[in-house]
Amino acid sequence: MKVKICGMRRKEDILYANILKPDYIGFIFAEGFKRQISYDLAYELKNMLDKDIKAVGVYINQPMEYIIEAVDKKIIDMIQLHGNESDEYIKELKEKVDVPIINVYRISEYADYVLYDGKNPGSGEVFDYKDIDIKKPFFIAGGINIDNVFEFKKLSAYCIDTSSGVEVNGFKDFSKMEEFIRRVRLWVI
Ligand SMILES: O=C(O)c1ccccc1NCC(=O)[C@H](O)[C@H](O)COP(=O)(O)O
């Protein structure tokens, strides 16, 4: 089972990731969110990031050219569409980039993965996972933390994703990240 730590925004966060080696980290480029970062900062952070860790760019209903720019500049290795992007949009984007696409909530034949998340991303609110209709390899997020991660592991997601669950006072915390990643990777559920 893979693990993703979303909402990285400081050099410290990347140093923690390089030691703890999650499979994925996320940069928030969606407008108006507290973890949103610029491409300049993301470029710097990506250059510090261990090459084995994939960087996912998170977008909400943003211009396609803006996303393509991040792929071309090698700021991201994967795209997470977190809005209500249409199938046509995803199809066209897929034709223009050579990186996997994660689509949130809704299964699109053009996306590589689906992500189930809470209604308010990055808020720590727990997702009601009973509603899942599993058809594609899926990421799961929404209020997942050290205390409830074993419950979510039972769903056999491709990847478990957290943001605020590994934060203290709004910033990533090394010990929480370490324990979260350890629990995801423990073979027991
Ligand atoms: O994390 C954010 O701040 C965020 C903002 C806008 C769109 C998506 C966002 N996060 C996407 C993720 O993949 C998070 O891991 C997910 O929302 C889980 O957050 P949390 O409930 O805090 O663990």
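## Tyr-24 in strand E2

Tyr-24 sits in strand E2, which covers residues 24-28. The model is a predicted one. Tyr-24 has a relative accessible area of 7%. The cut-off for buried is under 20%, so Tyr-24 counts as buried.

Several stretches of the chain meet this residue. Beyond its neighbours within four places in sequence, Tyr-24 contacts Lys-2, Val-3, Lys-4 and Ile-5. Its other contacts include Ile-53, Lys-54, Val-56 and Met-78. Phe-139, Tyr-158 and Cys-159 complete the list. With Tyr-158 there is also a side-chain polar contact, at 2.6 Å. Val-104 lies 80 residues from Tyr-24 along the chain, and their C-alpha atoms are 16 Å apart.

## Lys-4 in strand E1

Among the contacts of Tyr-24 is Lys-4. Lys-4 belongs to strand E1, residues 2-5. Its relative accessibility is 0%, so Lys-4 is classed as buried.

The side chain of Lys-4 has polar partners. One is the side chain of Gln-80, at 2.8 Å. Another is the side chain of Asp-161, at 2.6 Å. Leaving out residues up to four places away in sequence, Lys-4 touches Tyr-24, Gly-26, Val-56, Gln-80 and Phe-139. The same list continues with Cys-159, Ile-160, Asp-161 and Thr-162.

## Ligand surroundings

The ligand is surrounded by 21 residues. The closest are Arg-35, Asp-117, Gly-143, Asp-161 and Ser-164.

Polar distances to ligand oxygen atoms come from both side chains and backbone. From Lys-4, a polar side-chain atom lies 3.0 Å from a ligand oxygen. From Asp-161, a polar side-chain atom is 2.6 Å from a ligand oxygen. Gly-124 takes part through its backbone: an N or O atom there lies 3.0 Å from an oxygen atom of the ligand. Lys-4 and Asp-161 also pair with each other, side chain to side chain, at 2.6 Å.

## The largest pocket

The largest pocket has a volume of about 330 Å³. Its lining has 29 residues. Nearest the pocket centre are Arg-35, Asp-117, Pro-121, Gly-122 and Ser-163.

By class, the lining comprises ten nonpolar, 13 polar and six charged residues. Arg-35 and Asp-117 are among the lining residues nearest the centre. Arg-35 and Asp-117 are also among the residues closest to the ligand.

## Helix H1 and the loop after it

Helix H1 spans residues 11-20 and contains Asp-13. Asp-13 has a relative accessible area of 1%, so this residue is buried. Apart from neighbours within four places in sequence, Asp-13 is in contact with Gly-7, Met-8, Lys-172 and Met-177.

Lys-21 is in the loop between H1 and E2. Its phi is near 55 degrees, a positive value in a residue other than glycine. Lys-21 has a relative accessible area of 37%, which means that Lys-21 is partly exposed.

## From strand E3 to helix H3

Tyr-59 is part of strand E3. Tyr-59 is buried because its relative accessibility is 0%. Gly-83 lies 24 residues from Tyr-59 along the chain, yet their C-alpha atoms are separated by 7.1 Å.

Asn-61 is in the loop that links strand E3 (54-59) and helix H3 (64-72). Its phi, near 50 degrees, is positive, and Asn-61 is not glycine. The relative accessibility of Asn-61 is 44%, so Asn-61 is partly exposed.

Glu-65 is in helix H3. At 52% relative accessibility, Glu-65 is exposed. The cut-off is over 50%. Asp-52 is 13 residues from Glu-65 in sequence, and their C-alpha atoms are 26 Å apart in space.

Terms used:
Residues numbered from 1 in each chain as written. Predicted model: local features only at pLDDT ≥ 70, side-chain atom pairs only at ≥ 80, totals over all residues. Heavy atoms only, no water. Helix = DSSP H or I, 4+ residues; strand = E, 2+ residues; numbered from the N terminus. Buried < 20%, exposed > 50% of the residue type's maximum accessible area, 1.4 Å probe, protein only. Contact = heavy atoms within 4.5 Å. Polar contact = N/O pair within 3.5 Å; in protein donor to acceptor, adjacent residues only side chain to side chain. 1 Å grid on protein atoms, 1.4 Å probe; cavity = no way out; pocket = protein on both sides within 12 Å on 5 of 7 lines; lining within 4 Å. Points joined across faces, edges and corners; volume = space filled by probe spheres on them. Nonpolar A, V, L, I, M, F, W, Y, C, P; charged D, E, K, R; others polar. Near = heavy atom within 4 Å.
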